[in-house]
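Me: I have a model open and would like to talk through how it is put together. Could you take my questions one by one?

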Amino acid sequence: MNQIQSYINQHKDRFINELFELLKIPSISADSAYKNDLLKTAEAVKISLEKAGCDTVEICKTDGNPIVYGEKIIDSNLPTVLVYGHYDVQPADPLDLWDSPPFEPIIKKTDLHPDGAIFGRGSCDDKGQMYMHVKALEFMVKTNQLPCNVKFMIEGEEEVGSPNLAVFVKNNQEKLKNDVILISDTGMIANDIPSITTGLRGLSYVEVEVTGPNRDLHSGLYGGAVANPINILTKMIASLHDENNHITIPGFYDKVEELSKEERAEMAKAPFNLENYKKALDIEAVYGETGYTTNERNSIRPTLDVNGIWGGYTGEGAKTVIVSKAYAKISMRLVPHQDWIEITELFTKHFTNMAPEGVKVNVKPHHGGQGYVTPIDSIGYQAASKAYQDTFGKTPIPQRSGGSIPIVSLFEQELKSKTILMGFGLDSDAIHSPNEHFGVFNYLKGIETIPLFYKYFTELSK
Ligand code: BES
Ligand code: MN
Ligand code: MN
């Protein structure tokens, strides 16, 4: 057992208990009722960074939830790692689908986590993964092994599109100056198949509103004679994909990067079992764009999905009504080179033009961000790869993820540095869903792997 492993072994109960305390605070950024809990969480993160050995930690006010900034600068000639993470979490609903309360963390064994997993909202996304970095810092400082400078920037609005982070980054260029950005807010293939995330999809999120008559109408008296906004909206949505599941918005694919045969063949080498995939989701068949595999569909191809749709009568019994308005929330996952502003405009134009006379359409853009790809020949990637090799005994596989962390491309633009995505969650950890969990193995393995990244990054930077 090496020094990191014995440190972890000795302190693992405390590491888990400290994370439990963070998980108990319901820091739901989407719901303003939890404002105070977000402040409490920021305060708790601040204290944990101070205890772990940061020299200065501050809570930086923004127009929304504060950003916790901390640093330990040991020598300005050494490289600087900037750690980003988020302390806010997704809403926990539907509550009745949780087997244990979302903000009362508990360890339970699962098939994929025989050593136990920590169940609770935010356990994997992202409190658990963010806290691995705090504990890795604690180890490096307490044992005098911090090889370079470190800065932490932990925000409280990631789950709502980071509306105030861009301004903070732009106004604090000097403070945030770094040589590499390190984030654990993604996943890996399996506990025995380590991988490093090399790509994230971009995002355009819109809300649409279709208005028909100026008031709700009797569906007998007016039915058949006026446009029903719900009928129209669903028809319009259905037309956004063709029979090959291609998206029909003109210009949508213009900038999509087509991967070469070689790149696709390389991607196909990543272990993937379609039967297990279907079984885990209880589906008879997968579904998606013709001509692409499941792993391509959810990483290198763009998508359009309805996330919510409402309107009309949904209460008990029946009500015969043609309502005035129908709504939907739609997300488009984008791939590198697609510009989210441009895609939002293309969507708006198409969706508005497509509407028949007799209804009015309003498209309200919510938020979005660009996709991201990172090369595997950078010092940062190489350092991460060596770190995983040491702790997992295997070379990690580079893998593009389908999820989005829009701020990553902004970091590159503003701070001119690459981001390394060392995620330790599994796709099956149910982030954003009921029963979110994070393997104890994954949590501790992360704490073990991170200090090695610092070590190799510093060595390779020389
Ligand atoms: N941590 C996730 C993103 C993620 C998860 C990326 C797993 C790759 C693998 C992040 O917290 C998230 O949920 N992002 C949102 C976008 C944001 C703008 C709300 C997403 O991907 O839906
Ligand atoms: Mn996250
Ligand atoms: Mn999330």
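Me: Happy to start with helix packing: at what angle do helix H3 and helix H12 pack, and how are they oriented to each other?
Reply: Bear in mind that this is a predicted model. Helix H3 covers residues 127-142 and helix H12 residues 440-461, and their axes lie 8 Å apart. The angle between them is about 55°. An angle that is neither under 35 nor over 145 degrees, nor within 65 to 115, counts as oblique, and H3 and H12 are therefore oblique to each other.

Me: Which residues of H12 make the contact with H3, and what is the hand of the crossing?
Reply: The crossing of the two helices is right-handed. From H3 the contact takes in Gly128, Tyr131, Met132, His133, Lys135, Ala136, Phe139 and Met140. Sorted by type, the residues of the H3 and H12 contact are ten nonpolar, four polar and one charged. On the H12 side they are Asn442, Tyr443, Gly446, Ile447, Ile450, Pro451 and Tyr454.

Me: H3 also packs with helix H1; at what angle, and how many charged residues does that contact hold?
Reply: Helix H1 (residues 3-23) packs with H3 at about 135°, the axes being 10 Å apart, and that makes H1 oblique to H3. H1 passes H3 in a right-handed crossing. Gln3, Ile4, Tyr7, Arg14, Phe15, Glu18, Leu19, Leu22 and Leu23 of H1 meet a set of H3 residues that includes Lys127, Lys135, Glu138 and Lys142. By type, this contact has nine nonpolar residues and two polar ones, and its charged residues number six.

Me: Is histidine 133 buried or exposed, and what does it touch?
Reply: Histidine 133 sits in helix H3. Its relative accessible area is 2%, and buried means under 20%, so histidine 133 is buried. Leaving out residues up to four places away in sequence, histidine 133 touches Val83, Phe152, Leu182, Ile183, Ser184 and Ile450.

Me: How does tyrosine 34 fare for accessibility, and how far in space is it from tyrosine 84?
Reply: Tyrosine 34 belongs to the loop between H1 and helix H2 (35-52). With a relative accessible area of 26%, tyrosine 34 is partly exposed. Beyond its neighbours within four places in sequence, tyrosine 34 is in contact with Pro26 and Ile28. Tyrosine 84 is 50 residues away from it in sequence, and the C-alpha to C-alpha distance is 22 Å.

Me: Which residues of helix H11 are buried?
Reply: Helix H11 runs over residues 407-415, and seven of its nine residues are buried, so H11 is largely enclosed by the rest of the structure. The buried ones are Ile407, Val408, Ser409, Leu410, Phe411, Glu414 and Leu415.

Me: What is the phi of the lysine that follows H11, and is that lysine buried or exposed?
Reply: Most residues other than glycine have a negative phi. Lysine 416, in the loop between H11 and strand S17 (419-421), has a positive phi near 55°. Its relative accessible area is 68%, which means lysine 416 is exposed.

Me: Asparagine 435 has a positive phi as well; what is its value, and is the residue buried or exposed?
Reply: Asparagine 435 lies in the loop between S17 and strand S18 (437-439). Its phi is about 65°, although asparagine 435 is not a glycine. At a relative accessible area of 14%, asparagine 435 is buried.

Me: Where are cis peptide bonds found?
Reply: Proline 94 is in the loop between strand S3 (80-86) and strand S4 (106-108), and aspartate 126 is in the loop between strand S5 (117-119) and H3. A cis bond with omega of about 0° joins aspartate 93 to proline 94. The other one described here, with omega near 0°, runs from aspartate 125 to aspartate 126.

Me: Finally, stepping back, what is the radius of gyration of the chain?
Reply: The chain has twelve helices and 18 strands, and buried residues make up 53% of its 462 residues. Of the contacts with a separation of 6 or more, 78% are between residues 24 or more positions apart. The globule rule gives 23 Å for 462 residues, and the chain comes close to that, so it is as compact as a globular protein of that length, with a radius of gyration of 23 Å.

How values were computed
Residues are numbered from 1 along each chain as its sequence is written. Chains are lettered from A and ligands numbered from 1 in the order in which they are written. This is a predicted model: local features need pLDDT of at least 70, side-chain atom pairs count only at pLDDT 80 or more; totals for chains, interfaces and linings use all residues. Side-chain values use heavy atoms; hydrogens and water are left out. Axes are lines fitted to C-alpha atoms, for helices over the stretch in contact, and angles run from 0 to 180 degrees between N-to-C directions. Helices (H or I, at least four residues) and strands (E, at least two) are DSSP runs, numbered from the N terminus. A crossing is left-handed if the near helix is turned anticlockwise from the far one by less than a right angle, and right-handed if clockwise. Contact means heavy atoms within 4.5 Å. Ala, Val, Leu, Ile, Met, Phe, Trp, Tyr, Cys and Pro count as nonpolar, Asp, Glu, Lys and Arg as charged, and the others, Gly among them, as polar. The radius of gyration is taken over C-alpha atoms; the globule rule is 2.2 Å times the number of residues to the power 0.38. Buried means under 20% relative accessible area, exposed over 50%, partly exposed in between (1.4 Å probe, protein chains only).
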